[in-house]
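Let's take a friendly walk through the packing of this protein, one question at a time. Have the sequence and coordinates open as you read.

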Amino acid sequence: DESWQALAQGEAPAFGPRDARVTIVEFSDFQCPYCAQASETVKRIRQRYGDKIHFVFRQFPLSFHQNAHISAEASLAAHAQGKFWQFHDKLFANQQKLDRPALEGYAKELGLNVADFKKALDNKTYAPTVDAELKLGEEVAVDGTPTMFLNGKRVSNPTDIAEVSKAIDDALKG
């Protein structure tokens with residue numbers, strides 16, 4: 001329970017009220033093809049459930065994905081400018097192009113302050129946050145991506161909207 005509370009706390013990108021009956025925490029990697037599928041599930045969850053749930057996005061860049069860590073840092077730089085979800089969608093739509101120049105291009109496309117964005121990447125401003133979220137994931141036995149928890153219980157197939165919706169519906173009834 002204490003680990004679960006830690007997952008939902010802090011300033012991680014999120015939507016929905018913190019006091020919702022259902023809280024979902026997803027650990028994700030912007031270079032992971034399965035996470036791209038899960039991002040579509042998240043989009044549909046957001047449309048379907050809106051403010052009935054609280055959804056928290058956590059970074060879990062896998063070490064064998066060359067651009068995953070910098071993409072995670074870049075997403076948090078976008079979050080600092082209020083554009084996390086737009087940046088999230090852009091990264092998942094362009095998984096083959098996640099190098100530094102591409103990330104800066106996406107920042108420009110989305111109307112971010114590019115100078116601040118570049119400075120955050122140059123200074124590795126969000127690297128400690130990404131590393132802390134990796135550690136947090138490891139503490140709750142995340143061993144791959146995507147991994148999703150609903151009210152503290154692992155969702156077995158986070159890419160399947162029907163399965164995730166059933167779990168949400170059951171939790172909302174309960």
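The questions below deal with cores, cysteines and aromatic rings in this predicted model.

Q: How many residues does the largest nonpolar core have?
A: The residues with the most contacts inside this core include I24, I53, F55 and F87. L103, F117 and I168 are also among them. Counted in full, the largest nonpolar core has 38 residues.

Q: Which residues does F117 touch, leaving out those up to four places away in sequence?
A: Happily, F117 is one of the residues with the most contacts inside the largest core. Once residues up to four places away in sequence are set aside, its partners are A74, A77, A78, Q81, F87, L103, E104, A107 and L112.

Q: How many residues are in the other core that lies apart from the largest one?
A: This separate core has F60, L134, V140 and F149 among its members. Its size is 14 residues.

Q: How many disulfides does a search of the whole structure find?
A: A disulfide is a covalent bond between the sulfur atoms of two cysteines. For C32, the nearest cysteine sulfur is that of C35, 3.2 Å away, while a disulfide needs the sulfur atoms within 2.5 Å. C32 is therefore in no disulfide, and C35 is in none either. Over the whole structure, the number found is zero.

Q: Is C35 buried or exposed?
A: Its neighbour in the sulfur search, C32, counts as buried because its relative accessibility is 3%, where buried means under 20%. The relative accessible area of C35 is 0%, so by that cut-off C35 is buried.

Q: What kind of aromatic pair do F30 and F92 form?
A: A pair of aromatic rings is described by the distance of the centres and the angle of the planes. For F30 and F92 the centres are 5.0 Å apart and the planes are at 40°. That angle is neither under 30 degrees nor over 60, so the pair is tilted.

Q: How many residues apart are F30 and F92?
A: F30 sits in the loop between β2 (22–28) and α2 (33–49), and F92 belongs to helix α4 (residues 84–93). Their pair links distant parts of the chain, with a separation of 62 residues.

Q: What kind of pair do the rings of F57 and W85 make?
A: F57 lies in strand β3 (residues 53–59) and W85 in helix α4, and both residues are buried. Their ring centres are 6.3 Å apart. Because the planes stand at 85°, the pair is edge-to-face.

Definitions and conventions:
Residues are numbered from 1 along each chain as its sequence is written. This is a predicted model: local features need pLDDT of at least 70, side-chain atom pairs count only at pLDDT 80 or more; totals for chains, interfaces and linings use all residues. Side-chain values use heavy atoms; hydrogens and water are left out. A nonpolar core is a set of buried Ala, Val, Leu, Ile, Met, Phe, Trp, Tyr and Cys residues joined through side-chain atoms within 4.5 Å. Buried means under 20% relative accessible area, exposed over 50%, partly exposed in between (1.4 Å probe, protein chains only). Contact means heavy atoms within 4.5 Å. Rings of Phe, Tyr and Trp (its six-membered ring) pair if their centres lie within 6.5 Å; planes under 30 degrees apart count as stacked, over 60 as edge-to-face and the rest as tilted. Helices (H or I, at least four residues) and strands (E, at least two) are DSSP runs, numbered from the N terminus.
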